[in-house]
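Hello,

Here is the structure you asked to look at. Please open it first, then read the notes below it.

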Amino acid sequence: MGRVFSPFHSVLLAFMLGVLVLIVYFPVLNAGFYGDDWIFFELAGRLSWSEYLTKYFDPNAQTAWYRPVQGLMFRLEYWLWGGNPVPYHWRNIFLHLGNCLWLWAIVRYVTGNRRL
């Protein structure tokens, strides 16, 4: 017969998973913008809101990919934080953390195994 885990154990496992994600991604906070970040940063700073929304939401204006949510998030973050890369990295860390916890919850639900 399998062990029964209390809600406390589930919260503790989720907390431990969250700490692991934060430890793994923490070094990125010392990094600046890298690679194609500069393309997004330049567009967010140069284009007006109407040009920017057209660039990301009009499929006919696309030159490489169609990622309107990513584009909108980058523009809002540029408006909030300007050229400081640390808040952008924190947002990515929290997105990874949320995805990790969501995947853990899905696996736990599908398999019925909280430890898996």
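Two residues are in contact here when heavy atoms of one lie within 4.5 Å of heavy atoms of the other. Please also keep in mind that the model is predicted.

With that in hand, start with the helix pair α4 and α5. Which residues of α4 meet α5? On the α4 side they are Met-73, Phe-74, Glu-77, Tyr-78 and Trp-81. Their partners in α5 are Pro-87, Tyr-88, Arg-91 and Leu-95. Sorted by class, this contact has 7 nonpolar residues, 2 charged ones and no polar ones.

The geometry of the pair comes next. The axes of α4 and α5 are 10 Å apart, and the two helices pack at an angle of about 135°. An angle that is neither under 35 degrees, nor over 145, nor from 65 to 115 counts as oblique, and α4 and α5 are therefore oblique to each other. Their crossing is right-handed.

Now the salt bridges. How many does the structure hold? There are 2.

One of them joins the side chains of Arg-91 and Glu-77, with 2.4 Å from N to O. Arg-91 belongs to helix α5 (residues 85-111) and Glu-77 to helix α4 (residues 68-81), so this salt bridge ties together parts that are 14 residues apart in sequence. Both residues also appear in the list of α4 and α5 contacts above.

Is Glu-77 buried or exposed? Its relative accessible area is 5%, and buried means under 20%, so Glu-77 is buried. Arg-91, at 22% relative accessibility, counts as partly exposed. Leaving aside residues up to four places away in sequence, Glu-77 touches Gly-82, Tyr-88 and Arg-91. Its salt-bridge partner, Arg-91, is thus one of the residues on that list.

The other salt bridge is formed by Glu-42 and Arg-46, whose closest N and O atoms are 2.4 Å apart. Where do these two residues sit? Both are in helix α2 (residues 37-46), and because they are 4 residues apart there, about one helical turn separates them. Glu-42 is partly exposed, with a relative accessible area of 36%. Arg-46 counts as exposed, since its relative accessibility is 52% and the cut-off for exposed is over 50%.

Helix α2 also packs against helix α3 (residues 49-57). The axes of α2 and α3 come within 8 Å and cross at roughly 140°. That angle makes α2 oblique to α3. From α2, the residues that make the contact are Phe-40, Leu-43 and Ala-44, while α3 supplies Tyr-52, Lys-55 and Tyr-56. By class, the residues of this contact are 5 nonpolar, 1 charged and no polar.

The last item is a residue outside the helices named so far. Pro-27 is found in the loop between α1 (7-25) and α2. With a relative accessible area of 53%, Pro-27 is exposed. How far apart are Pro-27 and Met-73 in space, C-alpha to C-alpha? The distance is 22 Å, and the two residues are 46 residues apart in sequence. Met-73 is one of the α4 residues that meet α5.

To find your way around, you could begin at Glu-77, which lies in helix α4, and go from there to Arg-91, its partner in the salt bridge.

Regards

Methods. Residues are numbered from 1 along each chain as its sequence is written. This is a predicted model: local features need pLDDT of at least 70, side-chain atom pairs count only at pLDDT 80 or more; totals for chains, interfaces and linings use all residues. Side-chain values use heavy atoms; hydrogens and water are left out. A salt bridge is a side-chain nitrogen of Lys or Arg within 4 Å of a carboxyl oxygen of Asp or Glu. Buried means under 20% relative accessible area, exposed over 50%, partly exposed in between (1.4 Å probe, protein chains only). Axes are lines fitted to C-alpha atoms, for helices over the stretch in contact, and angles run from 0 to 180 degrees between N-to-C directions. A crossing is left-handed if the near helix is turned anticlockwise from the far one by less than a right angle, and right-handed if clockwise. Ala, Val, Leu, Ile, Met, Phe, Trp, Tyr, Cys and Pro count as nonpolar, Asp, Glu, Lys and Arg as charged, and the others, Gly among them, as polar.
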